[in-house]
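Me: I should like to go through the reasoning behind the labels given to this structure. Please set each value against its criterion.

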Amino acid sequence: MITLDEWAEIRRLHRSEGLPIKAIARMKGISKNTVRRALRAAEVPRYQRAPRGSIVDAAEPAIREQLKLCPTMPATVIAERIGWQRSVTVLRERVAQLRPLYLPADPVSRTAYEPGERVQNDFWFPPAEIPLGHGKVAAGAEVPPVLVMASGYSRWMLALMIPSRHAEDLVLGTWRLLTQLGGVPKQLVWDNEGGVGKFRRGRPPLLSAQFAEFRGLLGTEVVVLPPREPEHKGIVERNNDYLETSFLPGRAFASPADFNAQAGEWAMLANYRFKRVLGCAPADRIDADRAAMAPLPPIAESSLGWHNRIRLPRDHYVRIDTCDYSVDPAVIGRWVQVRADLDRVTVTCDGRPVACHDRSWVAHQTITDPVHKQAADAMRAERLRAKLAAPPAGVDVEQRDLSRYDALLGGGA
C-alpha cells in the first residue's frame, strides 16, 4: 500500500515527466504492478481499516424480525424479546441503524408562503440610547420596544418604535404598519405576547379584548404561537438580527420619532436589496403580496388605542398608562372623553377639546399645560376671595347666670 504522497508523485512522474513504468518502479523501489495500479486509479487512495465484527452481528436477524412486527419497538423491548444479555448500548446503536429500513417514508415539506398569506410580528429591543424627554435617556432594558413586521412571501420588512407593550399600543402600532404594508394578510403571527393573547393547545388563542376587537375589524386571523418555539417566525427573528447588525451601528437618535424616521428610511432601502433565499429583492414580490391581501378596512385611527370616559376629578388630571395629564379645570365634575394614540393625548367634553398633550414616553410623569394651571390658580383665588368676603354667620351663645359662679366660690353679697 502506497501513501497519498507516493501516489501523487508516481502520477506526476509519468504524466508530467514522461518516465516509463519501469523507470518509476526502479526510482521509487516498488513493483511495476503497484505503479500500474496507481496510474489506473480513478480515485484518490484512502486508508480504510478492515471492518471488525460486532457482538450484535449474530443477533441482527432476530432484531430485524422484531422490527418487521413493530418498526417503533423500543430497543429495550427488543433486547427482552430476543434474550439479549450483553451491553444494551451496542444493541441500541444497531437498532437505530436498522429502524429506518422498516419505518414508512416520511418526506418533509419545504416551508413556503403564498402571497398575502402570513405576516410575522415580533418585538426588538435595540441596544441603543434613546432620549425620551424630561431629561431621560433610555438605555438597556428601559429602551421602548420596536414592533417589527415581516411578510412571509415577499419578506417585506417594517419597524416602528412604540411607547409600551400594552395591548392598546400594540393595536395602534400594528395598524400603522399594516397601513404602510398596504393590505391585511390572512394571518398575523405572534408569539405568546401578553398584550396580544395567550396560546391554548388544541383551542383557539385567548386574545386580549383589544386584539379580539382589532381582529374583527381587520377580518383576519391572529395566530399565537406556543412558548419557546421561535422557529415558527424565523423570518422576523432574522430581521431583528439584521436591524441590530446593519441598521444600528454608528447611529445616534434624538428621540423615538427620530428613531422611527431613520428606521423607516433604512427599511425601505433594505426592501430593495437582493435576497439570496428569494432570488430577488422583496420589492420585486411586494405587488403580488399586496394583490392577494384583503384591502385595508375603513378604520379611523382615533377609534383605536387608549379610550376612557370619566368624570373629571377636582385635581383636573387624567391618567394614561402611568402618566397624568392636566385638563381645563372649567369642566371639573363633568364627564370627559380621554383618548391617546402613540403621539398625542386628547380630552374632550361634549365634543369640545379641553386638553391636548404630547404623549410622554417616560413613565410616572405629570404633564401640566400652563394655561390649565393659570386657570386653576385663578379659580382657587376667586373662591378664596368669595369665602373671605362673606359675612360670618350668626352664632347663638348661651349666657350663663353669674350668680352661679358666686355660689360655687362661696362668695355673695
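Reply: This is a predicted model. Strand 13 (residues 335-340) and strand 14 (residues 344-349) run antiparallel and are joined by four bridges.

Me: What makes strand 13 and strand 14 a pair?

Reply: Pairing requires at least two bridges between the strands. Strand 13 and strand 14 have four, so they count as paired. Within this pair V338 stands opposite V347, and a hairpin of three residues connects the two strands. Strand 13 also runs antiparallel to strand 10 (residues 306-311), with six bridges between them; there, R309 has Q337 as its bridge partner.

Me: Why is the contact between D57 and R94 called a salt bridge?

Reply: The limit is 4 Å between a side-chain nitrogen of Lys or Arg and a carboxyl oxygen of Asp or Glu. The closest N and O atoms of D57 and R94 are 3.0 Å apart, so the pair qualifies. D57 lies in the loop between helix 3 and helix 4, whereas R94 belongs to helix 6 (residues 88-98), 37 residues apart.

Me: Why is R94 classed as buried or exposed, and what about D57?

Reply: Buried means under 20% relative accessible area. R94 has 12% and is therefore buried. D57, at 36%, falls between the 20% and 50% limits and is therefore partly exposed.

Me: How do you know that D169 and R359 form a salt bridge?

Reply: Their N to O distance is 2.7 Å, which is within 4 Å, so the criterion is met. This pair links helix 7 (residues 167-181), which holds D169, to the loop between strand 15 and strand 16, which holds R359; the two are 190 residues apart. Both side chains belong to buried residues.

Me: What makes E382 and R385 a salt bridge, and where do they lie?

Reply: Their closest N and O atoms are 2.6 Å apart, within the 4 Å limit, so the pair counts. Both lie in helix 12 (residues 370-389), three residues apart, about one turn of the helix. E382 has a relative accessible area of 43% and is therefore partly exposed.

Me: Why is Y405 eligible for the nonpolar patch on the surface?

Reply: Patch residues need over 30% relative accessible area. Y405 has 42%, so it passes that cut-off. The patch consists of L402, Y405, L408 and L409, with about 530 Å² of accessible area together. Y405 sits in helix 13 (residues 403-409), which has the lowest mean pLDDT among the elements of the chain, 75.

Technical notes
Residues numbered from 1 in each chain as written. Predicted model: local features only at pLDDT ≥ 70, side-chain atom pairs only at ≥ 80, totals over all residues. Heavy atoms only, no water. Patch = residues over 30% accessible without salt bridge, like charges linked within 9 Å, V, L, I, M, F, W, Y side chains within 5 Å. Areas by Shrake-Rupley, 256 points an atom, 1.4 Å probe, with all protein chains shown as cover. Buried < 20%, exposed > 50% of the residue type's maximum accessible area, 1.4 Å probe, protein only. pLDDT = per-residue confidence, 0-100.
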